[in-house]
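Here is a short tour of a protein chain, written for someone who likes to see side chains at work. Keep the viewer open as you read.

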Amino acid sequence: MASFAKLNSENIIITVVSVVNEVLKDLNGVEQETIGVQFLRTLYNEPNAIWKQTSYNTNAGIHKLGGVPFRKNHAGIGYIYDSQRDAFIPQKPYNSWILNEQTCLWEAPTAYPIDGQKYIWNELTLSWDLVNS
């Protein structure tokens with residue numbers, strides 16, 4: 001199955017759908033994103049809709065099955081499509097977090113502690129607070 005993300009006028013993902021791979025194939029049997037886009041525009045009777053293909057197996061710029069990573073991350077509702085990076089980027093969780101250009105994921109300005117404990121981010125102190133269980 002192939003996945004496609006529908007964008008609004010601000011490049012925010014408003015829906016993600018799956019399409020059978022056979023629909024995307026050209027006369028030579030090669031999958032083409034443009035064929036999938038046209039299929040979805042016709043299916044939903046939205047000739048001007050903006051659709052971008054996304055890969056369920058891509059996260060942080062890595063394809064989990066060893067294939068070629070596609071648009072850095074699998075699109076999700078509320079993500080932004082960045083055309084300059086050709087990437088799907090999740091919503092920024094906190095004002096202080098910084099976009100990792102390699103993964104197109106947001107990272108805290110302070111690394112998450114690696115001590116087996118659970119923490120939550122504290123935006124006021126710009127640090128990780130231990131979660132009491």
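A salt bridge here is a side-chain nitrogen of Lys or Arg within 4 Å of a carboxyl oxygen of Asp or Glu. Please bear in mind that this is a predicted model.

**Salt bridges**

With that definition, a search of the whole structure turns up six salt bridges. Side chains of opposite charge can pair when their charged atoms come close. Three of the pairs are listed here, including their N to O distances.

| Pair | Closest N and O atoms |
|---|---|
| Arg71 and Glu33 | 2.9 Å |
| Asp86 and Arg71 | 2.7 Å |
| Glu101 and Arg85 | 2.8 Å |

Let's begin with Arg71 and Glu33, whose side chains meet in a salt bridge. Arg71 sits in the loop between β5 (62-63) and β6 (80-82), while Glu33 belongs to helix α1, so this pair ties together parts that are 38 residues apart in sequence. Is Arg71 buried or exposed? Its relative accessibility is 10%, so Arg71 counts as buried. Glu33, in contrast, is partly exposed at 23% relative accessibility.

Arg71 also forms a salt bridge with Asp86. Asp86 lies in the loop between β6 and β7 (87-89) and Arg71 in the loop between β5 and β6, so the two tie together parts that are 15 residues apart in sequence. At 33% relative accessibility, Asp86 is partly exposed.

The bridge between Glu101 and Arg85 links distant parts of the chain as well: Glu101 is in the loop between β8 (98-100) and β9 (105-107), and Arg85 is in the loop between β6 and β7, 16 residues apart. Both ends are partly exposed, Glu101 with a relative accessible area of 45% and Arg85 with 32% relative accessibility. Which residues do shared salt-bridge partners join into one network? They are Glu33, Arg71 and Asp86.

**The nonpolar cores**

Turning to the interior, the largest nonpolar core is made of nine residues: Ala2, Phe4, Val17, Val19, Leu24, Val37, Leu40, Ala49 and Trp51. At least two residues of this core come from each of β1 (2-7), β2 (13-19) and α1 (33-43). A second, separate core has six residues, among them Ala5, Ile13, Ala75 and Tyr81.

Val19, a member of the largest core, is a good residue to click on. Apart from neighbours within four places in sequence, Val19 is in contact with Met1, Ala2, Phe4, Leu24, Phe39 and Leu40.

**A patch on the surface**

Phe39, one of those contacts of Val19, has its place in helix α1. Together with Leu43 and Tyr44, Phe39 makes a nonpolar surface patch of about 290 Å². Why does Phe39 count as partly exposed? The reason is its relative accessibility of 33%, since the partly exposed class lies between the buried limit of under 20% and the exposed limit of over 50%.

**A buried threonine**

Finally, have a look at Thr58 in strand β4 (residues 58-59). Thr58 has a relative accessible area of 1% and is therefore buried. Where does its side chain reach? The side chain of Thr58 comes to 3.1 Å from the backbone nitrogen of Phe70. Setting aside residues up to four places away in sequence, Thr58 touches His63, Val68, Pro69, Phe70, Lys72, Asn73 and His74.

Methods
Residues numbered from 1 in each chain as written. Predicted model: local features only at pLDDT ≥ 70, side-chain atom pairs only at ≥ 80, totals over all residues. Heavy atoms only, no water. Core = buried A, V, L, I, M, F, W, Y, C linked by side-chain atoms within 4.5 Å. Buried < 20%, exposed > 50% of the residue type's maximum accessible area, 1.4 Å probe, protein only. Helix = DSSP H or I, 4+ residues; strand = E, 2+ residues; numbered from the N terminus. Contact = heavy atoms within 4.5 Å. Patch = residues over 30% accessible without salt bridge, like charges linked within 9 Å, V, L, I, M, F, W, Y side chains within 5 Å. Areas by Shrake-Rupley, 256 points an atom, 1.4 Å probe, with all protein chains shown as cover. Polar contact = N/O pair within 3.5 Å; in protein donor to acceptor, adjacent residues only side chain to side chain.
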